[in-house]
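Work through the exercises below with the sequence and the 3D view side by side. Try each task yourself before you read its solution.

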Protein chains: 4
Amino acid sequence: EGGEEKIHGLTHTEISNLRATSLKARDFAYCPYSLFRVGAALLIRSSNPGIFDHIIRGANVENASYPVGTCAERVAMGHAIASGYRKADFKAIGVATDQLDFCSPCGMCRQFLREFLDLDTPIFMFNREGEYEVKTMGQLLPLSFGPEALPPREMLEGQRK
Amino acid sequence: EGGEEKIHGLTHTEISNLRATSLKARDFAYCPYSLFRVGAALLIRSSNPGIFDHIIRGANVENASYPVGTCAERVAMGHAIASGYRKADFKAIGVATDQLDFCSPCGMCRQFLREFLDLDTPIFMFNREGEYEVKTMGQLLPLSFGPEALPPREMLEGQRK
Amino acid sequence: EGGEEKIHGLTHTEISNLRATSLKARDFAYCPYSLFRVGAALLIRSSNPGIFDHIIRGANVENASYPVGTCAERVAMGHAIASGYRKADFKAIGVATDQLDFCSPCGMCRQFLREFLDLDTPIFMFNREGEYEVKTMGQLLPLSFGPEALPPREMLEGQRK
Amino acid sequence: EGGEEKIHGLTHTEISNLRATSLKARDFAYCPYSLFRVGAALLIRSSNPGIFDHIIRGANVENASYPVGTCAERVAMGHAIASGYRKADFKAIGVATDQLDFCSPCGMCRQFLREFLDLDTPIFMFNREGEYEVKTMGQLLPLSFGPEALPPREMLEGQRK
Ligand SMILES: [Zn+2]
Ligand SMILES: [Zn+2]
Ligand SMILES: [Zn+2]
Ligand SMILES: [Zn+2]
């Protein structure tokens, strides 16, 4: 190990990969309505530390009916889940736009991610220069409503009577 | 005025009305899939302080295709917008469930509300006993992505070239 | 009856009301991102034929995060459900835009409406001149996936084992 | 070619691949709330007919806040778009459930797919036995609202004045 400094558990190399993939992912955005490109990258926790980490990318996919479109973060996470990854498999997520300001995931994406990320998982928000601001899942969605908030179905059925 | 104590700008009477309407609104929930009833109430800022405040209620409306359903908070706010209310017209929102725990709005609703609520607008989360926890819009969706975050379209079009 | 001609079960007066309310509802649209105003009107079946029909309106409500916004048809139906109306209470729905072409509900709205409308309920699509094209729920969402398509939960739990 | 019979432009081998991938994709569904597993498979048009077709799979990804989840078809298409595929690259889509009945895509997915599929692209609905019913995009979303329905922005801005 030798004491490389880590940020939210990530090495500088991992952050570089996350940055590069997030920025690159913007090229795949389909956003003819907003013209607002967003790229995302999901860093998968490797079971083998010697192996280069797997990164899954996403981009926003808009629709003529605006509410039907989806965001970069959800495209990346949907791909990951359909690939068999589950809670505890995610080390970090990155999001990048074409702006100088740091742009955070929308509330819908925060809720979607909350189902699978630990509360201390870092969310890196990259601006177009590759600079970032970073917050944890729990910081971006405080007092959140996750899987464990739903009471067991038997209890709900009991309340109905 | 005579110094009635207020909580986030609301009088005890206003909070009582918000509580009663939020709890009552649960009766209108259509939730055959989750069995999880949610009621919401939106307190409209009265232009005439002598007039009893207007409250708009909402309830969750589920769908056989789960992602197509909507939440109580968005039903209430949709109704309000279609009634002509706009940003600055909202004094508070309340949410109520059948649980003993305080249940917060999901991330999607926080984002939907963010478009119209000021960051210091209170969100009252009522449990089934009518007890509440209260947070502001800004506390529930920190670093949020609101209307002002989108750059002017001309700038986006310029970036395309 | 006296033989007034009806279109999909609606009298000319009812269609006129549906048209006027759908067109008027556009004024309440919040659509700073698409600039595409949509109005909707839901004609409630009156239990008392002598009484003027109740009409509930809706308008599109957009969001800085495009997928978080909602459509006019869902705003109207959400309001109706939260008002206590249920399946069998809806006689027709109307949708209006600022275009000369007739504009149909998006697929998400068709699915949302499907939960509450009978398959033969008419959907009136008004252009800006008030002319219309009309189709039934079943015509706009053929082979649809409604509440009855989900197997009983016990069966699903059985399949899991 | 030698006259192999095709169904909606697909060979028997292609349909077999679509079936196998759609059925297999169900294993990756995250559906703790509905218990209703759905798999999807998107057949990419190969630019090289000698090369085995590329297939992208998807599965439903649910959320504690039901409306925030997404469907198998949208996960598959989101992945495809973020991989760089665009309109005209899709030869067919398949959907599979654990039911004996043929289950169609929900209206929201039909709208999402409509942005990228030609109207005559086939949608194969597989039951748990691998038998199928097939309809085209245009048949499942008649009178649809696609990218070409939105007027040029300049026209919309003009209407505002
Ligand atoms: Zn988002
Ligand atoms: Zn919600
Ligand atoms: Zn719609
Ligand atoms: Zn769907």
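**Exercise 1.** Decide whether A:Cys71 and A:Cys109 are buried or exposed, and then find out which ion they bind and where they lie along the chain.

*Solution.* Keep in mind from the start that this is a predicted model. Begin with A:Cys71, whose relative accessible area is 12%; a residue counts as buried when this value is under 20%, so A:Cys71 is buried. Next take A:Cys109, which has a relative accessible area of 0% and is therefore buried by the cut-off of under 20%. Now look for the metal: the SG atoms of A:Cys71, A:Cys106 and A:Cys109 are the protein donors of the zinc ion (ligand 1), and they lie 2.3 to 2.4 Å from it. Written along the chain, the donors have the spacing C-x34-C-x2-C. Finally, place the pair you began with: A:Cys71 sits in the loop between E2 and H2 of chain A, whereas A:Cys109 belongs to helix H3 of chain A, so that the pair, 38 residues apart, links distant parts of the chain.

**Exercise 2.** Describe how helix H2 of chain B is covered, and name the elements against which its buried residues pack.

*Solution.* First count the buried residues: in helix H2 of chain B, which spans residues 72-82, 11 of the 11 residues are buried. Among them are B:Glu73, B:Arg74 and B:His79, as well as B:Val75, B:Met77 and B:Ile81. Then search for the packing partners, beginning inside chain B, where they are strands E1 (38-44), E2 (55-59) and E3 (90-97) and helix H3 (107-114). Continue into chain C, which contributes strand E2 (55-59) and helix H2 (72-82) to this packing. As a last step, follow the chain beyond the helix to B:Gly84, which has a positive phi, near 105°.

**Exercise 3.** Characterise the interface between chain A and chain D by its contacts, its buried area and its polar pairs.

*Solution.* Start with the contacts, in which 34 residues of chain A meet 34 residues of chain D. The area buried between the two chains is about 2,700 Å², and carbon and sulfur atoms give 64% of this area. For the polar part, 17 residue pairs are in polar contact between chain A and chain D, while the rule finds 0 salt bridges across this interface. On the side of chain A that touches chain D, the elements giving two or more residues are strand E2 (55-59), helix H2 (72-82) and helix H3 (107-114). Of these, H2(A) gives the most, with 5 residues. To finish, sort this side by class, which yields 19 nonpolar, 11 polar and 4 charged residues.

Definitions and conventions. Residues numbered from 1 in each chain as written. Chains lettered and ligands numbered in written order. Predicted model: local features only at pLDDT ≥ 70, side-chain atom pairs only at ≥ 80, totals over all residues. Heavy atoms only, no water. Contact = heavy atoms within 4.5 Å. Buried area = accessible area lost by both parts, 1.4 Å probe. Salt bridge = Lys/Arg side-chain N within 4 Å of Asp/Glu carboxyl O. Polar contact = N/O pair within 3.5 Å; in protein donor to acceptor, adjacent residues only side chain to side chain. Helix = DSSP H or I, 4+ residues; strand = E, 2+ residues; numbered from the N terminus. Nonpolar A, V, L, I, M, F, W, Y, C, P; charged D, E, K, R; others polar. Buried < 20%, exposed > 50% of the residue type's maximum accessible area, 1.4 Å probe, protein only. Donors = N, O, S within 2.8 Å, 3.2 Å for Na, K, Ca; no water.
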